[in-house]
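Visitor: I would enjoy a close look at one part of this model. Could you pick a helix, walk me around it, and then show me what it packs against?

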Amino acid sequence: MSINAQLLEFSRQLRSASTDAENLMWQILRAKRFMNLKFRRQHVIKPYIVDFYCHEIGLVIELDGSQHGTDDAVEYDAERTNFLEALGLTVVRYLNHDVLGRTDTVLEDLWQRCFELKNTSP
């Protein structure tokens, strides 16, 4: 499956313009630092680009800023989640505010979800 060159370029741009919450989460997830799982950042899953992706356990992590609270964004996010879940992936969402201000709580939740997925993956 070839990846659209435009999507690939856009994912590179997103990596270089990361939010504070994305930068913090990447420092935690990168280089197998979290539960020895390999995560990718701004990963293309056509036709979308997800914030973080772990192929091993089929997990997508989305970090949402305040713009995700609008009606259009809620609808778009729901369509996107349904699409990804139809591929057999698990999607978790955290608010940027929580990643930055309640990091321990977010990581406890993420640890629990990863633990469950690791123990149910074939």
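Guide: Happily; we will start with helix α3, then turn to the sheet and end at helix α5. Please keep in mind that this is a predicted model.

Helix α3 covers residues 71–86. With its 16 residues, α3 reaches 23 Å from the first C-alpha to the last, close to the 22 Å expected at 1.5 Å a residue. Its buried residues are Ala73, Asp77, Arg80, Thr81 and Leu84. Looking down the axis of α3, you will find these buried residues within an arc of 100°, so they line one face of the helix. Asp77 and Arg80, then, are on the list of buried residues along with Ala73 and Leu84. Turned away from that buried side is a face carrying the exposed residues Asp71, Asp72, Glu75, Asn82 and Ala86. After the helix comes Gly88, which has a positive phi, near 90°.

What does the buried side of α3 meet? Its buried residues pack against β1, β2, β3 and β4. Those strands make up an open sheet of 4 strands in the order β1-β2-β3-β4, with mixed pairing. At the edges stand β1 (40–45) and β4 (90–95), each with a single partner strand, so one side of each has no neighbour in the sheet. From one strand to the next, the twist averages 45°. Between β1 and β2, which run antiparallel, there are 5 bridges, and Val44 stands opposite Ile49 in β2. Helix α2 (residues 20–29) also packs on the sheet, where it touches β1, β2 and β3 (59–64). The direction of α2 makes about 35° with that of β2.

Aromatic rings give us another way to follow α3 towards the sheet. The model has 4 aromatic pairs. In one of them, the rings of Tyr48 and Phe83 have centres 5.4 Å apart and planes at 70°, so this pair is edge-to-face. Because Tyr48 lies in strand β2 (residues 48–54) and Phe83 in α3, the pair ties together parts that are 35 residues apart in sequence. Tyr48 is buried, at 12% relative accessible area, whereas Phe83 is partly exposed at 31%. Ring pairs also bring in Tyr76, linking Tyr48, Tyr76 and Phe83 into a cluster.

Now for helix α5 (residues 103–118), where another aromatic pair is found. Here Trp111 and Phe115 are stacked, with 5.1 Å from centre to centre and 10° between the planes. Both residues belong to α5 and sit 4 residues apart, about one turn of the helix. Trp111 is partly exposed, with a relative accessible area of 39%, and Phe115 is partly exposed as well, at 38%.

The end C-alpha atoms of α5 are 22 Å apart, which agrees with the 22 Å that its 16 residues should span at 1.5 Å a residue. Its buried residues are Val106, Leu107, Leu110, Cys114 and Leu117. Seen down the axis of α5, they fall within an arc of 90°, so they too line one face of the helix. The face turned away from the buried side carries the exposed residues Asp104 and Glu108.

As for its surroundings, α5 lies across β3 and β4 and runs at about 175° to β4. The buried residues of α5 pack against α2, β3, β4 and α4 (96–101). That brings our walk back to the sheet, where the buried residues of α3 also pack against β3 and β4.

Conventions. Residues numbered from 1 in each chain as written. Predicted model: local features only at pLDDT ≥ 70, side-chain atom pairs only at ≥ 80, totals over all residues. Heavy atoms only, no water. Phe/Tyr/Trp six-rings, centres within 6.5 Å; stacked < 30°, edge-to-face > 60°. Helix = DSSP H or I, 4+ residues; strand = E, 2+ residues; numbered from the N terminus. Buried < 20%, exposed > 50% of the residue type's maximum accessible area, 1.4 Å probe, protein only. Pairing = 2+ DSSP bridges. Axes fitted to C-alpha atoms, helices over the stretch in contact; angles between N-to-C directions. Contact = heavy atoms within 4.5 Å. Expected span 1.5 Å × (residues − 1). Arc of directions from axis to C-beta.
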